[in-house]
Every structure is written in structure tokens, then in C-alpha cells.
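Colleague: Please take me through one part of this model closely, and then show me how it sits in the rest of the chain.

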Amino acid sequence: NNKRLFGENFMYRVWIGKRESDILTCEYFDFSITFYGSNKTRNISFCQENRLVSNYGPEFTRFVLKNIGVKIKEHGTNCEFHFYNSIFAYKLCEINPSLKRYFVSLNSQSSINFLRHKTLSRLWLSNDINTPAFAALSLSECTINNLTKKFGKFKEFVIQKNCSGGGTGTYLLNDVSEKDIHKQLPNDQLYLVSPYYTGYKDYSCHIIVDSSAFVILAISKQTIINDRNNLIYHGNQYCNPNDIESKKILLTANLLAKKLQAIGYRGICGADFIMNDKEAILIELNPRYLGSSFAINYALQKNSLPSLFEISKICFQNKLNSLDLNKISNVHLSIANNCYFYNDNDITALKKMLTQPNVIIYDDGCLSATTFDYNAYICRALILL
């Protein structure tokens, strides 16, 4: 590993997140503590024989705290921890405040909380940026009759929990799904509700900022699958930077970067869009790494450029301008990435993928599993186009 960056002393770097594969496309970390992983030399994983749907519940929290303690005992003050999602770092700090000194690249808890809150962030962003029509509604108000009156001609609507990721809290409501969705969701919360824009495609990008500079990385088209009325992320294919889609989204992403700078945000943030031939519409921000970050890191490493983890840490030193931002922003990704979950369709697709050339599979320990929950994560793939 490259242990020295801008005069940095030797540090033992530990990754904490959902998947070990998040860090396997670069050489930056010494160890990882993950929900899914190989559980081999440089990884310890929570989910092993029984393949569970990922959650950051009490058992996983205790597992992470225990293993953080082991690493601090081994490496002391030379130990630093990086997080896929900083909100989990703050959850651990609430249990043990003394850990914060070892956690790096953390934005303020208040900024993370409002950026990840889908209604509050949409309200803020809509002042300057094109967003969907929306309303904050209770579950009892989320009926087709009520929503049609409110939004007009639309026949389908997107209902979102205010704090969720990867589509796990995002539902498509229509005449057929209304009753089922009402059974799944608690009625004591408010939900962000928008019309479903038929004919629009899903896109995303990574935005990285410090106090005086920012860089927008490769824009991609997302694969979103409707699984039992739940709109779930399944992968990305990267766009040519000269395509009209890339250029339109880049304009909005530049505005977003400046807004993030203005609130003191540092490091990496994801942005999701929908788009048709005429316009790009911002859906949400994700103040964390993304499910596609490992693919970006693959391309950065191939071009001898620093990983997202290194770039993000540099942002907290306000040294982003010390990098060749032009090279970073112009890395062209002739790859796609897919994410597979346990159900019949994806098992079939996975078997086909394993026989194809130019496919790199990251199994994250699934080969050692003996039982699988429905919709538990299996593995992910990079497809070299």
C-alpha cells in the first residue's frame, strides 16, 4: 500500500462498510470490517454461512465495535477508520465517544443528516435546481385518488422513506400496488411523494468537493429494477463524456458542488438524476460512497490516479487542487457494473455472467454461504466493454 500521501506518516487503514469488494479495486486499505466479505486474511465479515439482507442493526454494530477495539489494541494511534457511510460512524460514536479520534473524513453530523433526509434535501435543492414535483405526505394521504388530484395527469407515483439507500425505501405506487405498499409501510411517518416520470432514464454521478475546488467523475446510466413494488438499484453503465446526457447532467452537478461547498461539505457525495431528451431532473443526494464507487476506483487505478478514498481524504485537508483534476474528471470508463441479489431471475443471470469473457466477479463471501434470505446480496460484477 501507498502509506505516504502529502507527508502523511504511516497509518494502518481500516475500511468499515457493507462489502469488502468496495475496496478491492484499489490498493489503499490494510484491513476491512464488513457485513459481506471473504473473511480471509485482510477481512473480517459479519455475514458468513447465513446470507442475510444487510442491516446496520444492534448485532452488526456490536460486531464492528468489537473488531475496532481489536485493531486499536494492535495499532494504537496509528490506526484510522474510513466509512462507506459516515452516519454509521456517528452511530458508533454515540456508543463510544472516544472512538471519534480514530475516524477520518467525517463531515458534520448535522450536514449528513439533512443531506440524506430526502424531503429536507429536496426542499433545499429545489430553490436553484430542477427537481420533480413533490409533497411530504402521511401514508393515509398516499392513495391514487388523492395523488392524482394533487399532481394531475400522472397514474403512478414514487413514495420514499426519508432515510434509505440503494432503493430499499423507494416504492412505485399505482392502482395494482397501492394496497400492498400500504401494508408494508408504517403509518406514523411522513413520506416524500413524487409523480413517476414515464420515459425518463436513471443516471448518477460522483461529486467530490473541498473549500475551493471540486471535481465531477464519470456519469453513468443506472439500472433500476421493480422488485415487488420496490425500486432497487442493480448497476450502472458509464456514459461517454461527450454525450448530451453527460453534458446536461454535468451542468447540474456543477451547481450541486457549489451548494455543497457553501455548507462546508467535504469529500465525496453521490447524486441521482432522471432524464429524458429535454431535461435532467435531480432526484436526490447521497452523502457517502456509492454502490458504483468500486468501478470508478477500478478505472482510476488503471490510469495510475489516486482512489476515491485518497481524493476524499485530501478534501478534508483542502488540497484537492494539488491533484490533476482534469485527468481525474476525464477518466473514461468503458465498463459496466452489476449487483446481484438472491432471487430466481438474478441467479439465472449470474450463471450466464460467470461464463462470459471480460467479466470480473466479486463474490464477497457468497460462495461459503449455505442459506440465503430472499433479496440478500449475492455478488457484484465488473463488465469490461
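Modeller: Happily; what follows starts with one helix and its neighbour, then widens to the chain and some other sites.

First, some ground rules: this is a predicted model, where local features need pLDDT of at least 70, side-chain atom pairs count only at pLDDT 80 or more, and totals for chains, interfaces and linings use all residues. Residues are numbered from 1 along each chain as its sequence is written, and side-chain values use heavy atoms, leaving out hydrogens and water.

The part I would pick is helix α8, residues 293-302, which packs against helix α9, residues 308-315, at about 95°, with the axes 9 Å apart. Helices here are DSSP runs of H or I with at least four residues, strands are runs of E with at least two, and both are numbered from the N terminus. The axes are lines fitted to C-alpha atoms, for helices over the stretch in contact, and angles run from 0 to 180 degrees between N-to-C directions. The angle between α8 and α9 therefore makes them roughly perpendicular (65 to 115 degrees; under 35 is roughly parallel, over 145 roughly antiparallel, and the rest oblique). On the α8 side the contact (heavy atoms within 4.5 Å) uses Ser-293, Ile-296, Asn-297 and Leu-300, while α9 brings Leu-308, Phe-309 and Ile-311. These contact residues divide into 5 nonpolar, 2 polar and no charged. In that scheme Ala, Val, Leu, Ile, Met, Phe, Trp, Tyr, Cys and Pro count as nonpolar, Asp, Glu, Lys and Arg as charged, and the others, Gly among them, as polar. As background, an α-helix has 3.6 residues a turn, so residues three or four places apart point the same way.

How enclosed is α8? Of its 10 residues, 8 are buried, so α8 is largely enclosed by the rest of the structure. (Buried is under 20% relative accessible area, exposed over 50%, partly exposed in between, with a 1.4 Å probe and protein chains only.) The buried residues are Ser-293, Phe-294, Ala-295, Ile-296, Asn-297, Tyr-298, Ala-299 and Leu-300. Just after α8, Ser-304 takes a positive phi of about 55°.

You can set that beside another helix pair. Helix α3 (109-116) and helix α4 (118-125) have axes that come within 5 Å and cross at roughly 85°, and that angle makes α3 roughly perpendicular to α4 as well. Here Phe-114, Leu-115 and Arg-116 of α3 meet Lys-118, Leu-120, Ser-121 and Trp-124 of α4, a contact of 4 nonpolar, 1 polar and 2 charged residues.

Now the wider setting. The protein chain has 11 helices and 19 strands, and 55% of its 385 residues are buried. Among contacts between residues at least 6 apart in sequence, 65% join residues at least 24 apart. The C-alpha atoms fill a box of roughly 60 × 50 × 50 Å along the principal axes.

Two single residues round off the tour. Leu-99 is in the loop between α2 (86-95) and α3 and is buried, at 6% relative accessible area. Leaving aside residues up to four places away in sequence, Leu-99 touches Leu-65, Ile-68, Ile-72 and Leu-92. Cys-47 belongs to strand β3 (43-47) and is buried too, at 2%. With the same sequence neighbours left out, its contacts are Phe-35, Tyr-36 and Leu-52.
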